[in-house]
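Visitor: Please take a close look at one single part of this molecule, and then lead me from there to the rest of it, explaining each term as it comes up.

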Amino acid sequence: MNNITICMIGFGNVGKAFARLIDRKAESLALDYDVEIKIVAIATGSHGNAIDPLGIDPNKALLAIEGPGTLNGLSTNPAPSDMREFIALSEADFVIEISPVNYETGEPAITHIRAALQNKMHAVSANKGPVVHAYHELSELAKINGKQFLFESAVMDGAPIFSVFREALPCSDIIGFEGILNSCTNILIEMMEEGSSFNEAVTYAQSIGIAETDPSGDIDGWDASIKVAALATVLMGIPMKPQDVDRKGIRDLTPSAIQQAKNEGKRWKLVCSAELINGKVSAKVAPQLVSPSSPFFSVSGTSSFVLFKSDVLPGLGILESNPGPETTAYGLLADILNILKKEPGNA
Ligand SMILES: NC(=O)c1ccc[n+]([C@@H]2O[C@H](COP(=O)([O-])OP(=O)(O)OC[C@H]3O[C@@H](n4cnc5c(N)ncnc54)[C@H](OP(=O)(O)O)[C@@H]3O)[C@@H](O)[C@H]2O)c1
């Protein structure tokens, strides 16, 4: 049995879903993959930290952080608040970085992932910040330390985007893509189509764990822009920051404009696009009025859709229907299993 240990940096919507997912999949992981996953360390921003080399019971951790509770009582070892020390002391095989995204700098997540790799741990992340702000540095650091840095769920949750091009479509040069990559704004617009106010729609999105702690990142198009930048950086090989994307969110989209579109049989969608022109990527995020003939028209709920154009595949669409935090958690689990598959002796 391959017993692997995990250090989780962040235990919010995705972290809790990951804890439940590995509990639910424990039997299948053991029987089909010969893997047992044990969480040995969990860090949060304001709900304490815990390290227990024998394993932290996920159900106890979930209970401990309800309301204002903390994880501190579950710690058998010193659990410092300095994350570099915390990661080193966890002695885990994998660090999962799922702290809130920082669109402008990618920190402190970059520091967390750097610490993991320097301590010879694999790093898996759903956080887009490190992908756009430090992809090349972290990938190089991973290589030097004989470890991997994967981030499948950073864009489109659990849908295979990065791994499809990495594993299944070698030597395919992406020349552009367009899609709907922010599920939160998709839901907000839909709720306004059904008559909700902007604030009612935001409260609902937060209640189902789709809007992040601070929803302005979604509303102002930062989340969509950072995803566009991540796809351009990794898949098109052109480093791009969210600040480089021509960005307009949905803040100025009024319920009356949304109703008018509905009356005309059309819909507003926050559309992302990127195109390679003379070796540079021109990227845009903006609300767009779409008619029923558009592939974006029926992308509803938390669903995402992206249509890639490559030199060998003129159109490849990937649709992910109604994901939630568990889908993101699955992306993390898929990265872990894909890394294990490539460990010496498992190839
Ligand atoms: N939600 C999704 O389905 C989804 C989809 C794709 C990608 N992502 C990405 O996944 C990450 C996590 O998302 P989420 O929805 O789980 O966010 P969340 O619910 O806001 O949880 C964030 C967690 O990180 C902790 N945290 C905050 N600052 C920290 C720090 N400096 N060091 C260590 N821990 C810290 C928070 O602790 P406190 O609560 O105590 O502050 C909380 O446990 C984000 O980067 C997000 O962009 C999420």
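Guide: Two strands are said to pair when DSSP finds at least two bridges between them, and the strands (E, at least two residues) and helices (H or I, at least four residues) are themselves DSSP runs, numbered from the N terminus. What you see is a predicted model, in which local features need pLDDT of at least 70 and side-chain atom pairs count only at pLDDT 80 or more, while totals for chains, interfaces and linings use all residues. Residues are numbered from 1 along each chain as its sequence is written.

Let us take strand β1 as our part. Strand β1 (residues 2-9) runs parallel to strand β2 (residues 35-43), and eight bridges join the two. Within this pairing, Ile 4 has Ile 37 of β2 as its bridge partner, and further along Met 8 is matched in β2 by Ile 42. β1 also pairs with strand β4 (residues 94-97), again in the parallel sense, over four bridges, and here Ile 6 stands opposite Phe 94 of β4. As a general rule, side chains in a regular strand alternate between the two faces of the sheet.

If we widen the view, β1 belongs to an open sheet of six strands, in the order β3-β2-β1-β4-β5-β6, with mixed pairing. The edges of this sheet are taken by β3 (49-51) and β6 (149-150), which have a single partner strand each, so one side of each is left without a neighbour in the sheet.

The ligand comes next. The shell around the ligand, meaning the residues whose C-beta atom, placed from the backbone, lies within 6 Å of it, holds 29 residues, and those that come nearest are Gly 10, Gly 12, Val 14, Thr 44 and Gly 45. Helix α1 (13-24) and helix α13 (325-341) each supply at least two residues of this shell, and α1 gives the most, with three residues. By class, the shell has 12 nonpolar, 14 polar and three charged residues, where Ala, Val, Leu, Ile, Met, Phe, Trp, Tyr, Cys and Pro count as nonpolar, Asp, Glu, Lys and Arg as charged, and the others, Gly among them, as polar.

The domains put this shell in a wider setting. An automatic or database domain assignment sets the bounds, and it divides the protein chain into domain 1 (2-158 + 326-341) and domain 2 (169-322). The contact between these domains takes 14 residues from domain 1 and 20 residues from domain 2, two residues being in contact if their C-beta atoms, placed from the backbone, lie within 7 Å. On the side of domain 1 that touches domain 2, helix α6 (residues 128-144) provides the largest share, six residues, and that side as a whole has nine nonpolar, three polar and two charged residues. Between the C-alpha centres of the two domains the distance is 27 Å, and the shell around the ligand draws at least three residues from each domain.

Beyond the sheet of β1, helix α8 (residues 183-193) also deserves a careful look. Nine of its 11 residues are buried, so α8 is largely enclosed by the rest of the structure; a residue is buried if 20 or more other C-beta atoms, placed from the backbone, lie within 10 Å of its own, exposed if 12 or fewer, and partly exposed in between. Among the buried residues of α8 are Cys 184, Ile 187, Leu 188 and Met 191, and the buried residues pack against elements including β7 (174-180), α12 (255-263) and β9. After α8 comes Gly 195, whose phi is positive, near 105 degrees.

Strand β9 (residues 267-277) includes Arg 267, which is buried because 23 other C-beta atoms lie within 10 Å. Apart from neighbours within four places in sequence, Arg 267 is in contact with Ala 261, Val 290 and Phe 297. By contrast, Ile 318, in strand β12 (residues 316-320), counts as partly exposed because it has 16 C-beta neighbours inside 10 Å.

Taken as a whole, the protein chain has 13 helices and 12 strands, and its C-alpha atoms fill a box of roughly 60 × 45 × 40 Å along the principal axes. Of its 347 residues, 47% are buried.
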